[in-house]
Amino acid sequence: MPRPDPRGRAGASALFFLLLLLLLAAVPSEAANTVSVDVGAVYASNEGTSIDPALGTIRGKLHSMFNYTSYRMLDRKRRSLSVGEAGEFELPGRRTMRTTPLPAQGDKVRLSIQISDGPRKLLTTTIGLRRGGMVLVGGPSHQAGVLILIISAE
Amino acid sequence: MNCGAALGKIEAKADGLLPREAEAELAGHLAGCPACAAEDAVISATGPALRALTGIRAMEKAPALDAMWTRVRAGIEESREARRRSSWIARWAWIPAAVVLAVLALLFYPAGTDRSPFHPSTFDVAVEDVESDVATVALVDKGEDLPRVIWIIEDAKT
């Protein structure tokens, strides 16, 4: 019975990893021009004392920063946007958030953010953060509490 | 022993199936019966004649047998080669499959880590400008370990 040629197998593995590296090398050049915007809408209130586990490491921080007793994630959306491309996120309570990545250097990300409640512009801001960074936007009233938006970008 | 029984024993002896004790009894009969003795001589000669004939036939057929074995060996070698080729294909076939899987994983990797908890690497945020048409906006910074907060105060509600 012929035995498999170990050189052939090693060559196959090398070829596979080479292809994988080529693919992975192609991805960052694409990713450098795109920003992945992650928006989580959290309902903060004093109804109960539960904290949504989906909030991850932010749970404790929310608890230490605000005086609410309950934090529940209502919605979370993620969108990959090119620089200059506007992306719209629907928020609870018929509000919307429109964000556009702006040109930035290095690992920085700049986002133009506009939050509207129908025709009313609740907030217009431009923020700069590092990839993997996060900012909170809170205050819009929702039911018996408020909405806190967790905005992160990668 | 009569001649009928003796004939059966003669055939058994030619086939090597006659027990030794019966051989003496048969020999006694053959000594007194020329007809059975003649039959025994004929039948006993048949075996070597047949063996000789078989040998002759085998020698005649030897080239044909050799040719047949050559063909059989060639067939075995051919099937072994085919198996080797198919195993080579099986050994390498995973590469395109793996490449396709890698590409699919990259293309369809869940872009929305919607279900994974938040794990920010930094809270370093610069707010370049902030304004509101209908609300008061406050910028809250409680240190590097906590996220910066843009707080919208609508009609002094919150």
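1. Two residues are taken to be in contact if their C-beta atoms, placed from the backbone, lie within 7 Å. The model is predicted, so that local features need pLDDT of at least 70 and side-chain atom pairs count only at pLDDT 80 or more, while totals for chains, interfaces and linings use all residues. Residues are numbered from 1 along each chain as its sequence is written, and chains are lettered from A in the order in which they are written.

2. In helix α2 (residues 58-65) of chain A, the residues Ile58(A), Lys61(A) and Leu62(A) are buried (20 or more other C-beta atoms within 10 Å of the residue's own, against 12 or fewer for exposed). Because they cover an arc of only 100° around the axis, they lie on the same side of α2(A), the arc being that of the directions from the helix axis to the C-beta atoms. Gly60(A) and Ser64(A), on the other side of α2(A), are exposed. The cover over the buried residues of α2(A) includes β2 (70-82) and β8 (145-153) of chain A; helices (H or I, at least four residues) and strands (E, at least two) are DSSP runs, numbered from the N terminus.

3. Between the chains, 45 residues of chain B are in contact with 47 residues of chain A. On the chain B side, the elements giving two or more residues are α3 (34-92), α4 (94-108), β1 (125-131) and β3 (148-153), and β1(B) gives the most, with seven residues.

4. Strand β6 (residues 120-130) of chain A pairs with β1(B) in the antiparallel sense over six bridges, where pairing requires that DSSP find at least two bridges between the strands. Within β1(B), Ala126(B) is the bridge partner of Gly128(A).
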